[in-house]
Amino acid sequence: MSISHAPPDSPEPDISDISGPRDDYLTKTAPSGSDAGNVPHVSAEPTLEPILPASSRRTRVPRWLRRTSGPVLLVVLWQILSATGVLTADVLASPGRIAEVGWDLVQDGSLPTAMGTSLQRVAAGLLFGTLIGTGLALVSGLFRVGEDLVDASVQMLRTVPFVGLIPLFIIWFGIGETPKVAIITLGVTFPLYLNVYAGIRGVDSQLIEAGESLGLSRWGLVRHVVLPGALPGALTGLRYSLGIAWLALVFAEQVNADSGIGFLMVQARDFLRTDVIVVCLVVYAFLGLLADFIVRSLERLLLQWRPTFTGR
(Lines give C-alpha, C1' and ligand atoms only; values in the text may rest on other atoms or scores of the structure.)
Protein backbone atom coordinates (compact mmCIF):
# COMPACT_ATOMS: atom_id res chain seq x y z
CA MET A 1 0.00 0.00 0.00
CA SER A 2 1.38 3.41 -1.01
CA ILE A 3 0.25 6.87 0.04
CA SER A 4 0.50 9.74 -2.42
CA HIS A 5 0.40 13.39 -1.43
CA ALA A 6 -0.34 14.63 -4.94
CA PRO A 7 -3.80 16.02 -5.80
CA PRO A 8 -6.31 13.47 -7.12
CA ASP A 9 -6.34 14.84 -10.70
CA SER A 10 -2.57 15.39 -11.06
CA PRO A 11 -0.47 12.85 -12.98
CA GLU A 12 1.79 10.50 -11.15
CA PRO A 13 5.35 11.83 -10.70
CA ASP A 14 8.06 10.49 -12.98
CA ILE A 15 10.80 8.80 -10.96
CA SER A 16 12.95 7.79 -13.93
CA ASP A 17 15.18 10.87 -13.53
CA ILE A 18 15.90 10.28 -9.86
CA SER A 19 19.61 9.59 -9.45
CA GLY A 20 21.07 7.19 -6.96
CA PRO A 21 21.39 3.47 -6.60
CA ARG A 22 18.33 1.32 -6.85
CA ASP A 23 19.03 -0.32 -3.50
CA ASP A 24 18.25 2.97 -1.72
CA TYR A 25 14.56 2.28 -2.26
CA LEU A 26 13.12 -0.39 -0.02
CA THR A 27 9.90 -0.67 -1.97
CA LYS A 28 8.88 0.20 -5.48
CA THR A 29 5.61 -0.05 -7.33
CA ALA A 30 6.06 -2.29 -10.34
CA PRO A 31 4.69 -0.82 -13.62
CA SER A 32 1.93 -2.55 -15.47
CA GLY A 33 1.85 -3.82 -18.97
CA SER A 34 4.84 -4.59 -21.09
CA ASP A 35 7.25 -2.56 -18.97
CA ALA A 36 6.77 -4.91 -16.04
CA GLY A 37 9.25 -7.45 -17.36
CA ASN A 38 11.99 -4.84 -17.90
CA VAL A 39 12.19 -3.79 -14.21
CA PRO A 40 14.49 -5.89 -12.06
CA HIS A 41 12.98 -7.45 -8.98
CA VAL A 42 13.73 -5.64 -5.72
CA SER A 43 13.32 -7.62 -2.54
CA ALA A 44 11.11 -5.94 0.03
CA GLU A 45 12.76 -7.76 2.97
CA PRO A 46 16.25 -6.49 3.94
CA THR A 47 18.98 -8.96 4.73
CA LEU A 48 19.84 -8.95 8.44
CA GLU A 49 23.42 -9.50 9.51
CA PRO A 50 24.24 -10.29 13.15
CA ILE A 51 26.14 -7.54 14.94
CA LEU A 52 28.65 -8.90 17.43
CA PRO A 53 29.99 -6.82 20.34
CA ALA A 54 33.58 -5.71 20.12
CA SER A 55 34.57 -7.90 23.06
CA SER A 56 33.45 -11.07 21.28
CA ARG A 57 35.27 -10.20 18.06
CA ARG A 58 38.62 -10.12 19.83
CA THR A 59 40.93 -13.07 19.93
CA ARG A 60 39.99 -15.06 22.98
CA VAL A 61 42.96 -15.77 25.25
CA PRO A 62 42.46 -18.38 28.00
CA ARG A 63 41.91 -16.65 31.30
CA TRP A 64 44.30 -18.90 33.20
CA LEU A 65 47.03 -17.83 30.78
CA ARG A 66 46.31 -14.16 31.38
CA ARG A 67 46.25 -14.60 35.15
CA THR A 68 49.55 -16.46 35.23
CA SER A 69 51.36 -14.16 32.81
CA GLY A 70 52.04 -11.52 35.48
CA PRO A 71 53.75 -13.83 38.01
CA VAL A 72 55.67 -15.59 35.23
CA LEU A 73 57.01 -12.28 33.90
CA LEU A 74 57.97 -11.25 37.43
CA VAL A 75 59.93 -14.48 37.94
CA VAL A 76 61.64 -14.05 34.55
CA LEU A 77 62.65 -10.49 35.46
CA TRP A 78 63.91 -11.74 38.82
CA GLN A 79 66.02 -14.41 37.12
CA ILE A 80 67.46 -11.89 34.66
CA LEU A 81 68.45 -9.51 37.47
CA SER A 82 70.06 -12.37 39.38
CA ALA A 83 71.94 -13.65 36.33
CA THR A 84 73.27 -10.20 35.45
CA GLY A 85 74.49 -9.57 39.01
CA VAL A 86 72.07 -6.76 39.82
CA LEU A 87 70.66 -8.93 42.63
CA THR A 88 73.44 -10.71 44.49
CA ALA A 89 72.93 -13.99 46.33
CA ASP A 90 73.41 -12.44 49.77
CA VAL A 91 70.66 -9.91 49.04
CA LEU A 92 68.16 -12.16 47.26
CA ALA A 93 68.77 -15.64 45.89
CA SER A 94 67.81 -16.48 42.32
CA PRO A 95 64.58 -18.34 41.50
CA GLY A 96 66.57 -21.42 40.52
CA ARG A 97 68.37 -21.48 43.86
CA ILE A 98 65.09 -21.00 45.74
CA ALA A 99 63.47 -23.87 43.85
CA GLU A 100 66.45 -26.09 44.71
CA VAL A 101 66.31 -25.18 48.41
CA GLY A 102 62.54 -25.68 48.48
CA TRP A 103 62.90 -29.15 46.98
CA ASP A 104 65.52 -30.03 49.62
CA LEU A 105 63.18 -28.90 52.40
CA VAL A 106 60.40 -31.02 50.93
CA GLN A 107 62.60 -34.09 50.68
CA ASP A 108 63.84 -33.94 54.27
CA GLY A 109 60.25 -33.46 55.49
CA SER A 110 60.79 -30.16 57.31
CA LEU A 111 58.63 -28.06 54.99
CA PRO A 112 55.56 -30.38 54.90
CA THR A 113 55.67 -30.70 58.70
CA ALA A 114 55.90 -26.92 59.10
CA MET A 115 53.02 -26.38 56.68
CA GLY A 116 50.82 -28.85 58.56
CA THR A 117 51.48 -27.12 61.90
CA SER A 118 50.80 -23.66 60.47
CA LEU A 119 47.59 -24.82 58.78
CA GLN A 120 46.31 -26.21 62.08
CA ARG A 121 46.94 -22.88 63.80
CA VAL A 122 45.25 -20.89 61.05
CA ALA A 123 42.27 -23.25 60.97
CA ALA A 124 41.75 -23.01 64.73
CA GLY A 125 42.09 -19.23 64.77
CA LEU A 126 39.82 -18.86 61.75
CA LEU A 127 37.15 -21.06 63.33
CA PHE A 128 37.10 -19.18 66.62
CA GLY A 129 37.31 -15.79 64.92
CA THR A 130 34.46 -16.64 62.54
CA LEU A 131 32.21 -17.75 65.39
CA ILE A 132 32.98 -14.71 67.53
CA GLY A 133 32.88 -12.11 64.73
CA THR A 134 29.72 -13.47 63.12
CA GLY A 135 27.96 -13.87 66.46
CA LEU A 136 28.73 -10.31 67.54
CA ALA A 137 27.68 -8.98 64.11
CA LEU A 138 24.34 -10.81 64.29
CA VAL A 139 23.63 -9.45 67.78
CA SER A 140 24.65 -5.92 66.81
CA GLY A 141 23.06 -5.92 63.36
CA LEU A 142 19.70 -7.52 64.12
CA PHE A 143 18.91 -5.76 67.41
CA ARG A 144 19.26 -2.09 68.29
CA VAL A 145 19.86 -2.98 71.92
CA GLY A 146 22.65 -5.31 70.81
CA GLU A 147 24.18 -2.52 68.74
CA ASP A 148 24.17 -0.19 71.75
CA LEU A 149 25.82 -2.81 73.92
CA VAL A 150 28.28 -4.40 71.49
CA ASP A 151 29.24 -2.07 68.64
CA ALA A 152 30.99 0.63 70.66
CA SER A 153 33.18 -1.89 72.49
CA VAL A 154 34.08 -3.71 69.27
CA GLN A 155 34.96 -0.48 67.48
CA MET A 156 37.18 0.53 70.39
CA LEU A 157 39.04 -2.79 70.44
CA ARG A 158 39.34 -2.77 66.65
CA THR A 159 41.57 0.29 66.73
CA VAL A 160 44.07 -1.45 69.01
CA PRO A 161 46.79 -3.21 66.94
CA PHE A 162 46.48 -6.91 67.66
CA VAL A 163 50.26 -7.26 67.35
CA GLY A 164 50.61 -4.96 70.36
CA LEU A 165 48.65 -7.46 72.45
CA ILE A 166 51.24 -10.21 72.01
CA PRO A 167 53.05 -9.41 75.31
CA LEU A 168 49.74 -9.56 77.18
CA PHE A 169 48.82 -12.85 75.55
CA ILE A 170 52.17 -14.32 76.55
CA ILE A 171 51.59 -13.21 80.14
CA TRP A 172 48.01 -14.51 80.15
CA PHE A 173 48.36 -17.74 78.19
CA GLY A 174 52.06 -18.60 78.36
CA ILE A 175 54.24 -19.48 75.38
CA GLY A 176 52.38 -22.54 74.10
CA GLU A 177 49.84 -22.82 71.31
CA THR A 178 47.14 -20.75 73.03
CA PRO A 179 48.65 -17.27 72.46
CA LYS A 180 49.36 -18.11 68.81
CA VAL A 181 45.75 -19.15 68.19
CA ALA A 182 44.50 -16.14 70.17
CA ILE A 183 46.45 -13.72 67.98
CA ILE A 184 45.01 -15.25 64.81
CA THR A 185 41.51 -15.25 66.32
CA LEU A 186 41.77 -11.57 67.16
CA GLY A 187 42.99 -10.71 63.68
CA VAL A 188 40.12 -12.62 62.06
CA THR A 189 37.29 -11.35 64.28
CA PHE A 190 37.16 -7.65 63.43
CA PRO A 191 37.13 -7.74 59.58
CA LEU A 192 34.42 -10.37 59.67
CA TYR A 193 32.39 -8.42 62.19
CA LEU A 194 32.52 -5.21 60.15
CA ASN A 195 31.51 -6.84 56.88
CA VAL A 196 28.71 -8.98 58.32
CA TYR A 197 27.35 -6.01 60.27
CA ALA A 198 27.47 -3.79 57.17
CA GLY A 199 25.81 -6.53 55.12
CA ILE A 200 22.93 -6.85 57.59
CA ARG A 201 22.36 -3.13 57.82
CA GLY A 202 22.68 -2.78 54.04
CA VAL A 203 19.61 -4.92 53.30
CA ASP A 204 16.95 -2.91 51.47
CA SER A 205 14.15 -1.89 53.84
CA GLN A 206 11.61 -2.41 51.05
CA LEU A 207 12.49 -6.10 51.06
CA ILE A 208 11.74 -6.20 54.79
CA GLU A 209 8.38 -4.52 54.19
CA ALA A 210 7.60 -6.94 51.37
CA GLY A 211 8.39 -9.88 53.62
CA GLU A 212 6.18 -8.53 56.39
CA SER A 213 3.34 -8.00 53.93
CA LEU A 214 3.68 -11.65 52.90
CA GLY A 215 3.25 -12.73 56.51
CA LEU A 216 6.82 -13.74 57.35
CA SER A 217 7.65 -13.97 61.02
CA ARG A 218 10.69 -12.30 62.56
CA TRP A 219 12.74 -15.47 62.18
CA GLY A 220 11.40 -15.88 58.63
CA LEU A 221 12.58 -12.37 57.75
CA VAL A 222 16.01 -13.11 59.17
CA ARG A 223 16.28 -16.43 57.38
CA HIS A 224 14.83 -15.57 53.97
CA VAL A 225 15.64 -11.85 53.62
CA VAL A 226 18.33 -10.56 55.98
CA LEU A 227 20.84 -13.41 55.93
CA PRO A 228 20.80 -13.90 52.12
CA GLY A 229 21.19 -10.14 51.71
CA ALA A 230 24.15 -10.10 54.11
CA LEU A 231 25.84 -13.13 52.56
CA PRO A 232 27.90 -11.18 49.97
CA GLY A 233 29.31 -8.96 52.70
CA ALA A 234 30.04 -11.98 54.89
CA LEU A 235 32.02 -13.71 52.13
CA THR A 236 33.96 -10.51 51.46
CA GLY A 237 34.76 -10.30 55.15
CA LEU A 238 35.90 -13.91 55.09
CA ARG A 239 38.35 -13.13 52.31
CA TYR A 240 39.77 -10.21 54.29
CA SER A 241 39.94 -12.36 57.41
CA LEU A 242 41.90 -15.08 55.63
CA GLY A 243 44.48 -12.55 54.48
CA ILE A 244 44.87 -11.17 58.00
CA ALA A 245 44.99 -14.71 59.42
CA TRP A 246 48.18 -15.44 57.47
CA LEU A 247 49.61 -12.08 58.52
CA ALA A 248 48.82 -12.82 62.16
CA LEU A 249 50.38 -16.26 61.79
CA VAL A 250 53.72 -14.66 60.85
CA PHE A 251 53.72 -12.72 64.12
CA ALA A 252 52.31 -15.59 66.15
CA GLU A 253 55.01 -18.01 65.07
CA GLN A 254 57.68 -15.59 66.23
CA VAL A 255 56.55 -16.20 69.83
CA ASN A 256 58.91 -18.96 70.97
CA ALA A 257 57.75 -21.34 68.26
CA ASP A 258 59.46 -24.70 67.82
CA SER A 259 57.57 -25.68 64.64
CA GLY A 260 55.78 -24.10 61.75
CA ILE A 261 56.76 -21.96 58.79
CA GLY A 262 57.57 -19.03 61.07
CA PHE A 263 59.99 -21.24 62.99
CA LEU A 264 61.84 -22.02 59.75
CA MET A 265 62.03 -18.30 59.00
CA VAL A 266 63.48 -17.54 62.45
CA GLN A 267 66.14 -20.21 61.99
CA ALA A 268 66.95 -18.91 58.51
CA ARG A 269 67.26 -15.37 59.87
CA ASP A 270 69.75 -16.49 62.48
CA PHE A 271 71.91 -18.16 59.81
CA LEU A 272 71.38 -15.40 57.20
CA ARG A 273 69.71 -17.84 54.78
CA THR A 274 67.74 -15.53 52.50
CA ASP A 275 66.87 -18.44 50.22
CA VAL A 276 65.05 -20.29 53.02
CA ILE A 277 63.26 -17.08 54.04
CA VAL A 278 62.02 -16.57 50.47
CA VAL A 279 60.88 -20.20 50.29
CA CYS A 280 58.79 -19.66 53.44
CA LEU A 281 57.34 -16.46 52.02
CA VAL A 282 56.42 -18.23 48.79
CA VAL A 283 54.68 -20.94 50.84
CA TYR A 284 52.76 -18.27 52.76
CA ALA A 285 51.69 -16.67 49.47
CA PHE A 286 50.68 -20.01 47.95
CA LEU A 287 48.58 -21.00 50.97
CA GLY A 288 46.92 -17.58 51.05
CA LEU A 289 46.15 -17.79 47.33
CA LEU A 290 44.69 -21.27 47.79
CA ALA A 291 42.47 -20.10 50.66
CA ASP A 292 41.27 -17.12 48.60
CA PHE A 293 40.47 -19.44 45.68
CA ILE A 294 38.33 -21.61 47.97
CA VAL A 295 36.36 -18.59 49.19
CA ARG A 296 35.85 -17.29 45.65
CA SER A 297 34.57 -20.70 44.63
CA LEU A 298 32.10 -20.50 47.51
CA GLU A 299 31.00 -17.08 46.26
CA ARG A 300 30.26 -18.43 42.80
CA LEU A 301 28.37 -21.35 44.33
CA LEU A 302 26.33 -19.49 46.95
CA LEU A 303 25.71 -16.25 45.06
CA GLN A 304 24.39 -17.63 41.78
CA TRP A 305 21.14 -15.72 42.37
CA ARG A 306 22.95 -12.37 42.24
CA PRO A 307 23.81 -11.19 38.70
CA THR A 308 26.85 -8.94 38.80
CA PHE A 309 29.18 -7.28 36.34
CA THR A 310 32.17 -9.53 35.69
CA GLY A 311 34.21 -7.21 33.47
CA ARG A 312 34.87 -7.21 29.73
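Rings of Phe, Tyr and Trp count as a pair if their centres lie within 6.5 Å. Keep that cut-off handy for the exercises below, and remember that this is a predicted model.

**Exercise 1.** Work out which kind of pair W172 and F173 make, and how covered each residue is.

*Solution.* Start with the total: the structure holds four aromatic pairs. Now take the rings of W172 and F173, whose centres are 6.3 Å apart, which is inside the 6.5 Å limit. Next comes the angle: the planes stand at 85 degrees, and over 60 counts as edge-to-face, so that's what this pair is. For cover, W172 has a relative accessible area of 55%; the bar for exposed is over 50%, so W172 is exposed. F173 comes in at 39%, so F173 is partly exposed. Finally, widen the view: ring pairs link F169, W172 and F173 into a cluster.

**Exercise 2.** Do the same for Y193 and Y197, and say where they sit.

*Solution.* The ring centres are 5.9 Å apart, with 10 degrees between the planes. Under 30 degrees counts as stacked, so Y193 and Y197 form a stacked pair. Both tyrosines lie in helix α7 (residues 177–201), four residues apart, or about one turn of the helix. As for cover, Y193 and Y197 are both buried.

**Exercise 3.** Find which residues make the nonpolar surface patch of about 680 Å², and place F286 in its helix.

*Solution.* Pick out F286, L290, F293, I294, L298, L301 and L302: these make the patch. Then locate F286, which lies in helix α11, residues 274–302.

How values were computed. Residues numbered from 1 in each chain as written. Predicted model: local features only at pLDDT ≥ 70, side-chain atom pairs only at ≥ 80, totals over all residues. Heavy atoms only, no water. Patch = residues over 30% accessible without salt bridge, like charges linked within 9 Å, V, L, I, M, F, W, Y side chains within 5 Å. Areas by Shrake-Rupley, 256 points an atom, 1.4 Å probe, with all protein chains shown as cover. Salt bridge = Lys/Arg side-chain N within 4 Å of Asp/Glu carboxyl O. Helix = DSSP H or I, 4+ residues; strand = E, 2+ residues; numbered from the N terminus. Phe/Tyr/Trp six-rings, centres within 6.5 Å; stacked < 30°, edge-to-face > 60°. Buried < 20%, exposed > 50% of the residue type's maximum accessible area, 1.4 Å probe, protein only.
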